[in-house]
Amino acid sequence: MNKFLCVIALLFTGVANATIISGDFRTESDLPYCCGSFGPLVYENLNATVGAGDELTGANFVSNPDNWNGGLVFIDLDPTTNIITLNSQDDLDFETFTASISNIIFDAGEVITGLSWISGNLTDLGIPEILSFTGNSVSVSYDVGSGNDVFNFNLTQAQFQIETQSGSVAVPAPASILLLSLGLLVLVGRKRFNA
């Protein structure tokens, strides 16, 4: 029984480690193909603490050299589930958009091992997201390509899951831990019942 309790304690310790504390949040919206560009419309919040609501909002304006209208997308990162929610705040047209979180700080030694789409799309054209990540950063981009097309933000949201790993062992999802715990309880119960 003591071995069983130790295994459960270790599993729950792994889950507690996967908390994001802070990061650098940034969005860039641009029309580089049709209109030339002196640079994108940029919002940025450096070293933002995660978990108190949207980490990037309209209050985080940095620059807009081409005086584009629109392009405002809020970013919210849930530090317990590692889910990123992008919320478009307008329906104006662009050709490229990138939301990124870099210099991500965890409360322990995690690294990012994946980024996946959960739901939604910020564009009226349903352009597929371009996802990329490093050990401490993630990026979500939309790009119509070099034609004359533009997409409109559609006043909706899209969600993405950051996957992490602690040391050399993947951090298990809560549902996986519950299933494993139930299985171990059944094994311990059968052993006692057979004895």
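The legends below describe four close-up views of a predicted model.

**View 1. An aromatic pair between Phe97 and Phe153.**
There are 5 aromatic pairs in the model. In one of them, the rings of Phe97 and Phe153 meet edge-to-face, with 5.2 Å from centre to centre and 90 degrees between the planes. This pair links distant parts of the chain, as the two residues are 56 residues apart. Phe97 belongs to strand S7 (residues 96-106), while Phe153 sits in the loop between strand S11 (151-152) and strand S12 (157-166). Phe97 has a relative accessibility of 0%, so Phe97 counts as buried. Phe153 is buried too, at 1% relative accessible area. Ring pairs join both residues with Phe94, Tyr142 and Phe151 into a cluster.

**View 2. The largest nonpolar core.**
This core contains 34 residues. Ile84, Leu86 and Tyr142 are the members that touch the most other members. At least two residues each come from strand S1 (20-30), strand S2 (41-49), strand S4 (73-78), strand S5 (83-88), S7, S8, strand S10 (137-143) and S12. The most, 5 residues, come from S7. Beyond its neighbours within four places in sequence, Ile84 has contacts that include Ile75, Leu77, Ile101, Leu115, Val138 and Phe160. In soluble globular proteins, nonpolar side chains tend to be buried together.

**View 3. Glu129, a buried residue with no salt bridge.**
Glu129 lies in the loop between strand S8 (110-120) and strand S9 (130-134). The nearest side chain of opposite charge is that of Arg26, 20 Å away. A salt bridge requires a nitrogen-to-oxygen distance within 4 Å, so a partner has to be much closer than that. The side chain of Glu129 does make a polar contact, at 3.4 Å, with the side chain of Trp117. Leaving out neighbours within four places in sequence, Glu129 is in contact with Trp117, Gly120, Asn121, Val140, Ser141, Tyr142 and Phe160.

**View 4. A salt-bridge network of Arg26, Glu28 and Glu44.**
The model has 2 salt bridges. One joins the side chains of Glu28 and Arg26, at 2.7 Å from N to O. The other joins Arg26 to Glu44, at 2.8 Å from N to O. Arg26 in strand S1 and Glu44 in strand S2 are 18 residues apart, and their pair links distant parts of the chain. Side chains of opposite charge can pair when their charged atoms come close. Each residue of the network is partly exposed: Arg26 has a relative accessible area of 25%, Glu28 has 28%, and Glu44 has 26%.

Notes. Residues numbered from 1 in each chain as written. Predicted model: local features only at pLDDT ≥ 70, side-chain atom pairs only at ≥ 80, totals over all residues. Heavy atoms only, no water. Phe/Tyr/Trp six-rings, centres within 6.5 Å; stacked < 30°, edge-to-face > 60°. Helix = DSSP H or I, 4+ residues; strand = E, 2+ residues; numbered from the N terminus. Buried < 20%, exposed > 50% of the residue type's maximum accessible area, 1.4 Å probe, protein only. Lys, Arg positive; Asp, Glu negative; His and termini not counted. Polar contact = N/O pair within 3.5 Å; in protein donor to acceptor, adjacent residues only side chain to side chain. Contact = heavy atoms within 4.5 Å. Core = buried A, V, L, I, M, F, W, Y, C linked by side-chain atoms within 4.5 Å.
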